[in-house]
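Got your viewer ready? Here's a walk through the model, one selection at a time.

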Amino acid sequence: MSEVKIKSNNLNVFYGDKQALFDVNLDLNEKEVTALIGPSGCGKSTFIRCINRMNDVIDICKVTGNIEIDGVEINDENLDVVSLRERVGMVFQKPNPFPKSIYDNISYGPKIHGKGETKSELDEIVERSLKKAALWEEVKDRLDEPGTGLSGGQQQRLCIARAISVNPEVILMDEPCSALDPIATAKIEELIDELKKTYTIVIVTHSMAQAVRVSQKTGFFHLGKLIEVGKTEKIFKNPDNKMTQDYITGRFG
Amino acid sequence: MNFVLIFLIVIFSSSLFFYGKSKTKSISIERNIKLNALPKFYGYYLVLWSSIPALVFLLVWSLFEPVIIKSIIIETAANQGAIFNDKNEANLIYEKIKAIHLGTYFGDIDTILKESAISYSKFLNIFTNSKIVLIFVTIIASVIFSLKKIKNNNKAREDVEKILKGLLFVSSLIAILTTLGIIFSLLFESIKFFSVINIFDYLFGTNWSPQRAFIRDASAITAAEYDELRDAFGFVPLIAGTSFIAFIAMFVAVPIGLFSGIYMAEYASYKIRRISKPIIEILAGIPTVVYGFFAALTVGPFFRQIGESIGLTVSSESALAAGLIMGIMIIPYISSLSDDVINSVPQSLRDGSYAVGATKSETIKQVVIPAALPGIIGSVLLAVSRAIGETMIVVMAAGLAANLTINPLESTTTITTQIVMILVGDQEFDSPKTQSAFALGLTLFVATLILNYIAQRAVKKYREKYD
């Protein structure tokens, strides 16, 4: 049994008057893939955005409760968000490469955190990140071309490479394959399998099949509440909760 | 008269809309056929066909009627024994005849003029009557034609689309032709100017004093006079003054405008933005002449006082005062437009940057601004062309003396200001002084064109495209 990396305790999130998460208690294990499933608007994305404090960007958003990473509280006003996000990377639903060259897309993060002071160090980081994201072979000869010129699947792998360029401990993925075709999706899933050796991964997905394929642990959210969480196998074969059963068999959602 | 006609045509053809609509409906019921288009398209078809030919006819007629009447009247006057040696005298007689007809002529009226005036009003009557008749004929013919088409269940939708496309095409054609017309009139007058003043003397001369060209007729300049004139039309001080003042203005407006745009787009809360954005935009609504007297009466003297207190000679009309006020005038262009383009940069790019741990200012500097750069450069360009074209502030605050200087505390002048100075008041249109205004206009036009071209190339090269 692997160790708990991230621990949430009575986590509540409000958007203005509307409550989006209700008392979520969820433990995420180190070097494992945790899948979060549930119908749209159920709070999955809101939950993972709490882990790297991306909700700070939204003015009306208020978070109460605790989230700990390695036992350190991160839902704390005095916490340095910059170093938190250095440790917790994120990949978004729609590929969002910067309108810069492939090289600059990857070197952006390391430069900001003062890593890779010389050109050769940066080159090395870029190469390593792209290799880890299984994109190196496809782009190594055109690193100075714009990242926006790549195909959708390549763009998403570029974004994954960008996330791992700062050497995080956790990678959050918010429906990373929803804008991709099946072949590109297969590649990303393969990549996730590979990445979990090094990183703790949380993936939000609408595809049950994907959750089964990539994750070891699955959490089912409904209307802002965590209904059930457990080993992926158990959740999909023999869930305790009737609602989970209904959702995974496609009776609603 | 024409307005009444246009009004009647429009009213009549609009009413045909309903006729066309109901007519086609009843046709489809009567003959039990499926129409090729919705009934309303047949209505539009009738409206367009009944109005456009008549309106075009009216336009063409109104263009040619005065010319034709004039040639007829001048000819009849000549036949009756009126004497005129050239076109100008003929024009004079024609104007006299018109004035007699209108009852506003108070000179001596001889029999020739009297007879001509009578025949003038006769012709005017004939032409007006035939105009009305012909318009009726046109309308009736086009209505009959289009009704026939409708009864044959034509493809009204396609036809209406075609006519509308034609109308849009004509509109853009008018815009293009007008531009060409302006360019050519500039060009021809400038050619006249350059036939007197050597173009190189103009482009590279460093002395601008057009008032020395008092000689009445450009074609009658002697060699000695030319030598006198050749260094009076030096363009360099004007372009230098223009660029200098524009530079000062941009120096003020670009940083302030851009930074306030960034603040509005990225930092200001919704409330602050809602209040302050309109306030900044009010700056753009203040008439330039108000800025002008603000610059001339407040800012200029203020600089002079400060300058005197620290022992500098400051002219009360200075490039600095004009440039500063012009810069303030331009701020809203830059801030408002860059605010809009920064807002249109997708949030996902910012999220991507935050997610790797960038701070807000890092994100703005390295992701948002580069992505918004083409738009920002566009707004700066618009501001530059405003600055170069601005006249009033310079007239009032920077003076009229064409000094070739880089001291911002001295008075200087710009191209547009000189054009105003040259053309204000009574002017001889064939003196080189007046013609030089057209040359200035042309050079300004070409300079702006080159500037735009360079900027567009630069934007294309450096833009970071997001989708």
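## Start with chain B

Colour chain B by secondary structure and you get 16 helices and zero strands (helices are DSSP runs of H or I with at least four residues, strands runs of E with at least two, all numbered from the N terminus). The radius of gyration of chain B is 32 Å, well over the 23 Å that the globule rule gives for 467 residues, so chain B is more spread out than a compact globule (the radius is taken over C-alpha atoms, and the rule is 2.2 Å times the number of residues to the power 0.38).

A word on what you're looking at: this is a predicted model, where local features need pLDDT of at least 70 and side-chain atom pairs count only at pLDDT 80 or more, while totals for chains, interfaces and linings use all residues. Residues are numbered from 1 along each chain as its sequence is written, and chains are lettered from A and ligands numbered from 1 in the order in which they are written.

Zoom out to see all of chain B: its C-alpha atoms fill a box of roughly 80 × 75 × 35 Å along the principal axes. Now select 2-154 and then 236-424, which are domain 1 and domain 2 of chain B (the bounds come from an automatic or database domain assignment). The centres of these two domains, taken over C-alpha atoms, are 52 Å apart. Of the 467 residues in chain B, 34% are buried (buried takes 20 or more other C-beta atoms within 10 Å of a residue's own, exposed 12 or fewer, partly exposed anything in between, with C-beta atoms placed from the backbone).

## A helix in chain B

Next, select residues 87-102 of chain B. This is helix H3, with 16 residues and a reach of 23 Å from first C-alpha to last, close to the 22 Å expected at 1.5 Å a residue (the expected span is 1.5 Å times one less than the number of residues). Show side chains for B:Ile93, B:Ile97, B:Lys98 and B:Ile100, the buried residues of H3(B). Look down the helix axis: those buried residues fall within an arc of 160°, so they line one face of H3(B) (the arc is that of the directions from the helix axis to the C-beta atoms).

What covers the buried residues? Helix H2 (39-79) and helix H4 (111-151) of chain B are included in the cover. Spin round to the face turned away, and you find exposed B:Lys87, B:Asn88, B:Leu92, B:Glu95 and B:Leu102. Right after H3(B) comes B:Gly103, with a positive phi near 80°.

## Over to chain A

Chain A has 10 helices and 10 strands. Its radius of gyration is 18 Å, close to the 18 Å from the globule rule for 253 residues, so chain A is as compact as a globular protein of that length. The C-alpha box here is roughly 55 × 45 × 35 Å along the principal axes, and 47% of the 253 residues are buried.

Pick out H7 of chain A, residues 182-195. Its 14 residues should span 20 Å at 1.5 Å a residue, and the end C-alpha atoms are 20 Å apart, which agrees. Light up A:Thr185, A:Ile188, A:Leu191, A:Ile192 and A:Leu195, the buried residues of H7(A). Down the axis, they fall within an arc of 120°, so they line one face of the helix. They pack against strand S3 (33-37), H6, strand S7 (170-174), S8 and helix H8 (208-214) of chain A. On the other side, A:Pro182 and A:Ile183 are exposed.

Step on to A:Lys196, in the loop between H7 and strand S8 (200-204) of chain A. A:Lys196 is partly exposed, with 19 other C-beta atoms within 10 Å. Leaving out residues up to four places away in sequence, A:Lys196 touches A:Lys31, A:Glu32, A:Val33 and A:Ile201 (contact is C-beta atoms, placed from the backbone, within 7 Å).

Two loop stops remain.

- A:Asp70 sits between strand S4 (61-69) and strand S5 (72-73) of chain A, and has a positive phi near 50° without being glycine.
- A:Leu223 sits between strand S9 (217-222) and strand S10 (225-231) of chain A, and its phi is also positive, near 50°.

## Last stop: where the chains meet

Select the contact: 24 residues from chain A and 19 residues from chain B. On chain A's side, helix H2 (81-87), strand S6 (88-91), helix H3 (102-112) and helix H6 (152-164) give two or more residues each.

Technical notes. Contact = placed C-beta atoms within 7 Å.
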